[in-house]
Structures are given as C-alpha cells and as structure tokens.
Amino acid sequence: MIKTRFTELVGVEHPIVQGGMQWVGRAELVAAVANAGALGFITALTQPTPEDLRKEIARCREMTDKPFGVNLTILPTIKPPPYAEYRQAIIESGIKVVETAGNKPQEHVTEFKKHGIVVVHKCTSVRHALSAERMGVDAISIDGFECAGHPGEDDTPGLILIPAAADKVKIPMIASGGFGDGRGLVAALALGAEGINMGTRFMCTKESPIHQRVKEQIVANDERATELIFRTMRNTSRVAKNSVSTKVVELEKEGTTFDQVRDLVAGARGRGVYENGDPEAGVWSAGQIQGLIHDIPTCAELVARIVREAEDIIAARLDSMMASRRMAAE
Ligand code: NAD
C-alpha cells in the first residue's frame, strides 16, 4: 500500500485520482473508481443544470459509500454556465472534496473553503500552482503537456513541470497528464508528486459511460494520435486526432476565428462521439497516454494493477539496483 500526504488528506486507499472529464465523469465511473479505493470526480458541467448535478451526486451515493468528489472547470465556453449555482449544488450536497480547474478560481475556492471542503486545483504551470496555494487550496494537480484537454500555453512536459513545481509548492501535489500505469505512478512519486491523476486511462475502462467503439479506438491509437486545437486562440486543447480535429488545425493555420469553427468543435457534437460511438463525429479529448493503453479493464482491475506494478518496481526493480550498488561497494 502506498500512503502519501494526499491519500491522508482525501481519505482514500490509493494515490490515484480520476479527474474531471466532460461527458465522461458520470456517477457510474466515479462510483467504480471510489469502490476501487481511488478518488473519482463527477464532472459538474456534464450535467445540464445544477439540479441535475444534485441528482447525479445522489445517484453516485447509491453506488458507493466511499469518498468521491466533484470537478468544477472554469474555461471559455460557448454558453457560459451558472457557475455559482453549480457551486451551491456541490456545497449543499455535502461533497467533501472538489477539483477546480481553469481560470480565476478564487471566488469558488473561498466559498468551498468556508464550508470546510478540500480543494484540489488542477493547473498547468508552476506560477498558477503557487497562486492557487496562496488562494488557500489544499492540494495541486499539476498537469503536464502530455495531458488530454487543456494543457495551457507553456508546453512544459511532466518530466520538467512536476519537479519544478515540487521545488516550490509546499502543499501536497498530484501529477497529471500522461499517466496510466505503475511506471508512471513511481515516476510521479520520484519527481516529487504524492499521487497521480488519470483521465484518458479511466475513459478506457469497463465502467466508463462511453461507447465501446471509442474505447476500442483509444486502444488502437498510439501516442501520436492527438491534435492540439485552439492554439491560435490561447485556449489550447489536446484532442484525439481525427478528420474533425485535423480540419480545425488546418483552418487555424489559415487564420480562422472561433466563430468559424464553433460548429465543428461544439461540445454537444463531441458528446455524440461518446454516445453513438463514431470517433469521427466531432472533437473528443484524449491524451498522449493512448500509446500505453492496450486494454479495457474494470476500474478495480486497473487500480489494483497500477498499485501492484508500482510496488513491484519500488520493492524489486529499484531496490535490486540499490543492492547491486551496495554489493559493489563491499
Ligand atoms: P463548449 O461546447 O462550450 O466548447 C467547445 C470547446 O470550445 C471547449 O474546449 C471550449 O473551451 C472551447 N471554446 C468555447 N468558446 C471558446 C472561445 N470563445 N474561444 C476559444 N475556445 C472556446 O464546451 P463543452 O464541451 O460543452 O464543455 C463545457 C466546458 O467544460 C468548456 O469550458 C470545456 O473547456 C470544459 N471542459 C471541462 C473538462 C473537465 O474535465 N471538466 C474537460 C473538457 C472541457
């Protein structure tokens, strides 16, 4: 068992988190992650209204008695949601852990902290991690360039970003972006994090509420099968490579505006991919970790495997290297 400041803070068995994922972070997946001893987050904005979010939280409670949280992401949207009302639904539902992500979270952090909620803020740079720490969040999820969704604009991969943040951030930190197996967990711990956050890897599990065909596409994809859209709009998003995302990148090279690609990129269209199983129907988030995803396990199998692999690497592989050094010194 790997115990860290993060597992103690949020009260879970394993240092593994399933972070917010638009259209994917629903009760079935979050409950399965919780029952596997990891920490799952329901994605607030996947629910059409704050009232639906309350119902989704209640539905998740029917499927697990373990801790789980809610993600609230604040990024540019086609139709701005009523963030304060979603926040109120989270607070009134008695949620104990929240993952915030995106721009200017202060107002939300202040309100969540007033209600004793543990806040994990996901961000993509050391300066934003330090600013979130000053805002009073309890933990940072530091998100490298490998990630699915929004990697920010600095393009710093985890191998640099995680230790750079660990050198400065004092509160517990989990590493996000490019994680999917025990090797990644050990690497994250070595780089200064106290757990890992996974999105794409959890998307590709039995309980993940997306079409089987999309899971199979993730297994088929390699690490090169992503595109970065919205680069020219300073809202970069890493999505699966397909005819739609490639078209958006081409249009951006020609100098398009958001309005000209709005219909191609609309989240509602991406949602259709997950529901109908046509990976070419719209843009959908996926990270470079696709290259290391080769199966569709249950969440329990996945979490147990990652922990077992990590323990084996630490106790056998790394320790044996230390032993041979000791022998050489004798
Ligand atoms: P949407 O349909 O409102 O927008 C689709 C995409 O276009 C999103 O990536 C959005 O950031 C981007 N976008 C919207 N307006 C833009 C503008 N004026 N300039 C540049 N880019 C713009 O998004 P959705 O799929 O309904 O998602 C709702 C919100 O949740 C979005 O802000 C999205 O970024 C965010 N999100 C959250 C998660 C999460 O894990 N919680 C994951 C992915 C996306």
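What follows is a short chat about the ligand site, a cavity and a pocket in this model.

Author: Quick ground rules: this is a predicted model, where local features need pLDDT of at least 70, side-chain atom pairs count only at pLDDT 80 or more, and totals for chains, interfaces and linings use all residues. Residues are numbered from 1 along each chain as its sequence is written, and side-chain values use heavy atoms, with hydrogens and water left out.

Reader: What makes Gly20 one of the residues that surround the ligand?

Author: A residue is near a molecule if one of its heavy atoms lies within 4 Å of it. A polar backbone atom of Gly20 sits 2.6 Å from an oxygen atom of the ligand. In total 18 residues surround the ligand, and the closest are Gly20, Thr73, Pro76, Ile78 and Gly267.

Reader: How do you know that Asn235 makes a polar contact with the ligand?

Author: A polar contact is a pair of N or O atoms within 3.5 Å. A side-chain N or O atom of Asn235 is 2.9 Å from a nitrogen atom of the ligand, so the pair counts by that definition. Gln22 has a polar side-chain atom 3.1 Å from a ligand oxygen.

Reader: Why is the ligand said to lie between domain 1 and domain 2?

Author: Because domain 1 (5-203) and domain 2 (212-289) both give residues to its shell. The domain bounds come from an automatic or database domain assignment.

Reader: What makes the largest cavity a cavity rather than a pocket?

Author: Whether the probe can get out! On a 1 Å grid over the protein atoms alone, a cavity is a set of points where a 1.4 Å probe fits but cannot get out, while a pocket is an open set with protein on both sides within 12 Å along at least five of seven lines. The largest cavity has a volume of about 30 Å³, a volume being the space filled by probe spheres set on the grid points.

Reader: Why are Thr124 and Asp143 called lining residues of that cavity?

Author: Lining residues have an atom within 4 Å of a point, so that is the test they pass. Phe145 and Leu161 are also among those lining the largest cavity.

Reader: And what is the volume of the second largest pocket?

Author: About 190 Å³. Its lining includes Glu146, Phe179 and Gln288.

Conventions
Polar contact = N/O pair within 3.5 Å; in protein donor to acceptor, adjacent residues only side chain to side chain.
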